[in-house]
Each structure stands twice: as structure tokens, then as C-alpha cells.
Amino acid sequence: MQSLGTVLLAVGFLALAGAHLITDPTALDANIGAGFLIIVGLVTGAAGLLVSVIAALFGMRRRRG
């Protein structure tokens, strides 16, 4: 479960980095692809962080009890 959270967090980070690379600040039109990557990156990164924290909490609980 911890590995799943780490992979999701990494995918989210890579999506955000990719969005930063393809964003053209001088373009007058909307950067639709970059916007989509930002949304996907934020959601995936947040899910990965949540899964990692939950896995760590359950791991601590399991070791104590």
C-alpha cells in the first residue's frame, strides 16, 4: 500500500513537471494540455499523499497492537 502511494505521488509530480514544461506563458490562447496535466497532477499527487499517510498510520497501529 505504501508503494502505491509513492507511485501515485511520483506520477502526480511528473504530471505537474510536464505541465510546467509545456506551458507557454506568452501564448494568448489557453494552454489546454497543460491545464489538464495540472489537474491530473494535483489529484494524483494528493491521492498518493493520502494513501501514503493512511498506510503509515495503519502500519504504526499494526506494530503497536
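# Reading two helices and a patch

Student: In which helix is Ser52 found?

Tutor: Helices here are DSSP runs of H or I with at least four residues, while strands are runs of E with at least two, and both are numbered from the N terminus. Ser52 is found in helix α2. This is a predicted model, in which local features need pLDDT of at least 70 and side-chain atom pairs count only at pLDDT 80 or more, although totals for chains, interfaces and linings use all residues. Residues are numbered from 1 along each chain as its sequence is written, and side-chain values use heavy atoms, with hydrogens and water left out.

Student: Is Ser52 buried or exposed?

Tutor: A residue is buried under 20% relative accessible area, exposed over 50%, and partly exposed in between (1.4 Å probe, protein chains only). Ser52 has a relative accessible area of 11%, so Ser52 is buried. Helix α2 also holds Gly35, which is partly exposed at 27%, and Leu57, which is exposed at 52%.

Student: What does Ser52 touch?

Tutor: Contact means heavy atoms within 4.5 Å. Leaving out residues up to four places away in sequence, Ser52 touches Gln2, Gly5 and Thr6.

Student: Which residues of α2 are buried?

Tutor: The buried residues of α2 are Ala34, Gly41, Thr44, Gly45, Gly48, Val51, Ser52 and Ala55. Their cover includes α1, residues 2-22. Take Thr44, buried at 16% relative accessibility: Thr44 touches Leu8, Leu9, Val11 and Gly12, not counting residues up to four places away in sequence. Gly45 is buried as well, with a relative accessible area of 12%, and, under that same exclusion of residues up to four places away in sequence, Gly45 touches Leu8, Leu9 and Gly12. The C-alpha atoms of Gly45 and Thr6 are separated by 9.1 Å, and the two residues are 39 residues apart along the chain.

Student: Which residues of α1 are buried?

Tutor: In α1, Gly5, Gly12, Ala15 and Ala19 are buried. Looking down the axis of α1, these buried residues fall within an arc of 90°, so they line one face of the helix. The arc is taken over the directions from the helix axis to the C-beta atoms. The buried residues of α1 pack against α2. Exposed on the other side of α1 are Ser3, Val7, Phe13, Leu14, His20 and Leu21.

Student: How do I compare the length of a helix with what its residue count predicts?

Tutor: The expected span of a helix is 1.5 Å times one less than its number of residues. For the 33 residues of α2 the expected span is 48 Å, and the end C-alpha atoms are 48 Å apart, which agrees. For the 21 residues of α1 the expected span is 30 Å, and the end C-alpha atoms are 31 Å apart, which also agrees. Gly35 and Arg62 lie 40 Å apart, C-alpha to C-alpha, with their positions 27 residues apart in sequence.

Student: Which residues make the nonpolar surface patch?

Tutor: Patches are made of residues with over 30% relative accessible area and no salt bridge, joining like charges within 9 Å and nonpolar side chains (Val, Leu, Ile, Met, Phe, Trp, Tyr) within 5 Å. A salt bridge is a side-chain nitrogen of Lys or Arg within 4 Å of a carboxyl oxygen of Asp or Glu. Accessible areas come from the Shrake-Rupley method with a 1.4 Å probe, and for residues only the protein chains shown count as cover. Here Leu9, Leu49, Val53, Leu57 and Met60 make a nonpolar surface patch of about 450 Å².

Student: Which helix gives the largest share of the nonpolar patch?

Tutor: Helix α2, residues 32-64, gives the largest share, 4 residues.
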